[in-house]
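Here are my notes on the model you sent round. They go from the whole chain down to single residues.

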Amino acid sequence: MKLRVVLSAIAMVLGLGMANAQQDSTSHWTVGGNGSFTFNQISLKNWAAGGKNSLSGTFLSKTTANYKSDKATWDNVLDLGYGMMKYDGEDYQKSEDKILLSSVYGYDAAKQKLFYSASFDFKTQFANGYKYLGKDEREYVSKGFAPAYINFSVGMLYKPSDWFSFFLSPVTAHMTIVSDTLLSTSYGLDKGDKMRCEYGASAKLNINKKNIVKNVDYFLRADFFSNLTDHPEHIDVDMETGLNLNVNDWLTAVLKFNVLFDDDIKYKETYTDANGDKQTRLRGARVQVKELFGFGLQFKWGK
């Protein structure tokens, strides 16, 4: 019942936004994006100091479709990423995998800076993921829609400029989907379940500042969620920040950090028991950190 009320309110706000947007000229829309492909290779032959041949590549893409009129603002982002790496004598391993769709609609509440707002977020991945325990041993830990996260929120949006926004919601429906029940308990669901719904409060901070210094763009996305009905002090955090260094129109360097904390995702520890057999056990949630740095080709489209 709670979920239906939240979804109905958000659908009404977004519906009004889309109706207003369709009535306005396309001049209110700004559509564009950028993408990059970074590539790294190490090749060794008779190298006395030792080492391994390696090959890696990462594709990143972000597309935006933003609407702005005298009374409304509507920001839409599709953020994709996929990367693979291979060490000599080993199978290909996934190094990046992301599908993120975000939509935030706001209707003017105060001088085009504060907006009544509704938000939708969807996050998952493309392919199966594994935890590598050794050269010929791996553990299956994720796949497309396992997990997937969906957020519906209503609240207030503070957006004083095109490159900065802060959204605060006291009413948020947060859904975790795990399409493969073998992974249910790994993501906080009861054994055999495929979906869990939580209700609480959330906040979202976005910064996309071009040319903080010449040819260097900075970005930050930080999402926070607190389940107000069950341990509200356990706040989920998903933060991504980094720099795009534009060498010229075709060459770029990307530095990116991703920090995650979800109290429902327990840390899997692998250990050897008294019989010499490998076992796994669940420990408390831990901060997850991923860093990506690459140099390669970039391409841009739109505005």
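**Notes on the model**

1. Contacts across the sequence. In this predicted model, residues 24 or more positions apart supply 56% of the contacts in the protein chain with a separation of 6 or more. Of the 303 residues, 38% are buried.

2. Overall make-up. The protein chain contains one helix and 16 strands. Its C-alpha atoms fill a box of roughly 65 × 50 × 30 Å along the principal axes.

3. The barrel. Twelve strands close into a barrel with antiparallel pairing, and their order is β1-β2-β3-β4-β5-β8-β9-β10-β11-β12-β13-β16. From one strand to the next, the twist averages 20°. As background, strands of a sheet pair through backbone hydrogen bonds, in either a parallel or an antiparallel way.

4. One strand pair in detail. Strand β3, residues 72-87, runs antiparallel to strand β4, residues 93-110, and 14 bridges join the two. To find the register, start from D79, which stands opposite L100 in β4.

5. Surface and charge. About 17300 Å² of the protein chain is exposed, and carbon and sulfur atoms supply 59% of that area. The side chains include 36 positive and 34 negative ones, with the centres of the two sets 4 Å apart.

6. T252. This residue is found in strand β13, which covers residues 251-261. Is T252 buried or exposed? The relative accessible area of T252 is 2%, so the residue counts as buried, the cut-off being under 20%. Leaving aside residues up to four places away in sequence, T252 touches S36, L245, N246, V247, G294, F295, G296, L297 and Q298. T252 and T38 are 214 residues apart in sequence, yet their C-alpha atoms are 8.5 Å apart in space.

7. The cis peptide. Most peptide bonds are trans, and most residues other than glycine have a negative phi. A cis peptide bond joins A146 and P147, with omega at about 5°. P147 lies in the loop between β7 (137-142) and β8 (148-161).

8. Positive phi at two asparagines. N211 is not a glycine but has a positive phi of about 55°. N211 lies in strand β10, residues 195-213, and counts as partly exposed at 48% relative accessibility. N215, also not a glycine, has a positive phi of about 65°. Where does N215 lie? The place of N215 is in the loop between β10 and β11 (216-227). At 34% relative accessibility, N215 counts as partly exposed.

Methods. Residues are numbered from 1 along each chain as its sequence is written. This is a predicted model: local features need pLDDT of at least 70, side-chain atom pairs count only at pLDDT 80 or more; totals for chains, interfaces and linings use all residues. Side-chain values use heavy atoms; hydrogens and water are left out. Helices (H or I, at least four residues) and strands (E, at least two) are DSSP runs, numbered from the N terminus. Buried means under 20% relative accessible area, exposed over 50%, partly exposed in between (1.4 Å probe, protein chains only). Contact means heavy atoms within 4.5 Å. Accessible areas come from the Shrake-Rupley method with a 1.4 Å probe; for residues, only the protein chains shown count as cover. Lys and Arg count as positive and Asp and Glu as negative; His and the chain ends are not counted. The place of a charge is taken as NZ of Lys, CZ of Arg, CG of Asp or CD of Glu. Two strands pair if DSSP finds at least two bridges between them. Axes are lines fitted to C-alpha atoms, for helices over the stretch in contact, and angles run from 0 to 180 degrees between N-to-C directions.
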